[in-house]
Structure formats: structure tokens, C-alpha cells
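Okay, thanks everyone. I'd like to walk you through one model today, so have a look at the screen.

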Amino acid sequence: MRTTTVGDVRILLPDLDPDDLDSVTDLADGLTEAFVEGASWRGAQLEDPSIRSSRIAGGDLSESTWEAGSLYGCEITRTDFSGATLTGITIERCAITGSRFTGSRFADVRLKDVLFDGCRFDYATFQRVTAAGSVAFTDCTLTNGTWSTCRLPRIALRSCDLNGLELDSCHLDGTDLRGSRLHGLKTPLDNLYGVTLAEDQLSDLTQLAVNALGLTVCND
């Protein structure tokens, strides 16, 4: 059983044996124990797809649409999901690294045991995204995105760029933000209730409070 730990978050990772994977190029209605490299499925329309125990590398899924379905036990690397729309999908026990989600839209997505490492989520929209288990974002770019009505308690957002990220009615109690760039984060303070910060982030938190409360700070 493969695991990784990010801060206090322990994530169960996929455990794929390359010898068990069949090389394929056709997404069809899903994948099981498949290895896909460099495939272009730009604009694919996927209804209730089942992708299990598979590895996708260097793929193009930009502008694709995902309705329901699941990703389970998968490794995804260097894959482009720019402009993709994912609705009602479950992502579980997956490691997604070096991939691009610029301008993507996540709605009613359920995450459990998911690691996003070195991914870009700039201008991405999360609506009603829920963490049902351990989730971590490490070294990710989340700039100028929008998260609304998300329930993501006790996840890790470590060493991420949050500049311009807007939070609205989100539950992040217990979330680990250490090492992340808070400068430019756009959020009411109650969205940050119960988060964990490092001491060197307190100046950014102070500036957030000044902005949120409309304070005037004078130099006597």
C-alpha cells in the first residue's frame, strides 16, 4: 500500500504495476488497467465514465466535458485539462502531477485520497467541491480562481500560489496553508476559520484583515 504524507495529511496513493497495464489509445467509455501516453482527446464528451487503475501521461483533455462517473486508483501526469468541465465526478485514490487545469470548471466533485502536485489551476472554478477524505495540493498555482460553497476541511494547501483566488462560503476548518502565498487572496475572514498558518504568514493575514474590515491604518 503506497501512501504519502503532506503536513498532517496522509494520502493513500495508487499502486500500479506497469506490467499489468495495457497500452491503449481509445478512451471509449472508460479505461481499466490501461496505459495511455500522448493521446489527444480534446473536446471529448464523457458521460458516466469509469477510469480505474490506469496511467495517463502527456494527454490532451482540454475542453473536455465529464458528467458523473469516477476516476479511481489512477496516476495522471503532464496532462492538459484546460477549459474542461467536470460535473458530479468522484476522484479517489489518484495522484495528479504536473497537469494543467487552467480555466477548468469543477462542480459537485467529490475528492478522496487525492494528491495534486505541481498543477496549474489558474482561473479555475470550484463549486460545491467536497473532500470526503484526505486531499492535498502541493506546489500548485491557484491564482485568479474562484471557490464557492466548497467543503474542504483538513486538506493541505502547501507551498501554493493563492494570489487572486476568491473564496466564497467555503469551509476550510483545519486546512494546512503553511508555505502558501496568501498575498492577494480575496476572501471574507470567516472562510479562513480554523486554518493552520506559519508564523511568517501572519503579515499577509494582517493585510487580509485590514482589507476585509475596511480599516484605515495611520502613521502617527
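Before anything else, what order do the seven strands of the open sheet come in? The order is 6-9-12-14-16-19-21, and the pairing is parallel. Keep in mind that this is a predicted model. At the edges of that sheet sit strand 6, residues 45-47, and strand 21, residues 166-168, each with a partner on one side only. On average, neighbouring strands here are turned by 5° against each other, ignoring direction.

Let's zoom in on one edge. Strand 19, residues 146-148, runs parallel to strand 21, and three bridges join the two. If you want a landmark, look for T146, which stands opposite E166 in strand 21.

Now over to the start of the chain. Here strand 1, residues 3-6, and strand 2 run antiparallel, joined by four bridges. T3 faces L12 of strand 2 across that pairing. The two strands make a hairpin with two residues between them, and G7 there has a positive phi near 60°.

Strand 2 covers residues 9-12, and its two faces are not alike: V9 and I11 are on the covered face, R10 and L12 on the uncovered one. As a reminder, side chains in a regular strand alternate between the two faces of the sheet.

That brings me to A156. It sits in strand 20, residues 156-158. Is A156 buried or exposed? With 0% relative accessibility, A156 is buried. Leaving out residues up to four places away in sequence, A156 touches V6, V9, V135, A136, F137 and D176. So V9, from the covered face of strand 2, shows up again among the contacts of A156. For a sense of distance, the C-alpha atoms of A156 and T216 are 33 Å apart, with those positions 60 residues apart along the chain.

D176 is worth staying with. D176 is buried, at 6% relative accessibility. One of its salt bridges goes to R158, where the closest N and O atoms are 3.0 Å apart. That pair ties together distant parts of the chain: R158 is in strand 20, D176 is in the loop between strand 21 and helix 1 (202-213), and they are 18 residues apart. R158 itself is partly exposed, with a relative accessible area of 23%. D176 also forms a salt bridge with R178, at 2.7 Å between the closest N and O atoms. R178 is partly exposed at 27%.

There's another one in this region, between D161 and R181, at 3.7 Å from N to O. D161 is in the loop between strand 20 and strand 21, and R181 is in the loop between strand 21 and helix 1, 20 residues apart. Both partners are partly exposed: D161 has a relative accessible area of 25%, and R181 has 41%.

How many salt bridges are there in the whole structure? The search finds seven.

Last topic, cysteines. How many disulfides does the count come to? Zero. C74 is in no disulfide, and the nearest cysteine sulfur, from C94, is 4.7 Å away. Why is that not a disulfide? Because the two sulfurs would have to be within 2.5 Å to count. C74 is buried, at 1% relative accessible area, while C218 is exposed, at 62%.

That's my tour. Happy to take questions.

Notes:
Residues numbered from 1 in each chain as written. Predicted model: local features only at pLDDT ≥ 70, side-chain atom pairs only at ≥ 80, totals over all residues. Heavy atoms only, no water. Buried < 20%, exposed > 50% of the residue type's maximum accessible area, 1.4 Å probe, protein only. Contact = heavy atoms within 4.5 Å. Pairing = 2+ DSSP bridges. Axes fitted to C-alpha atoms, helices over the stretch in contact; angles between N-to-C directions. Salt bridge = Lys/Arg side-chain N within 4 Å of Asp/Glu carboxyl O.
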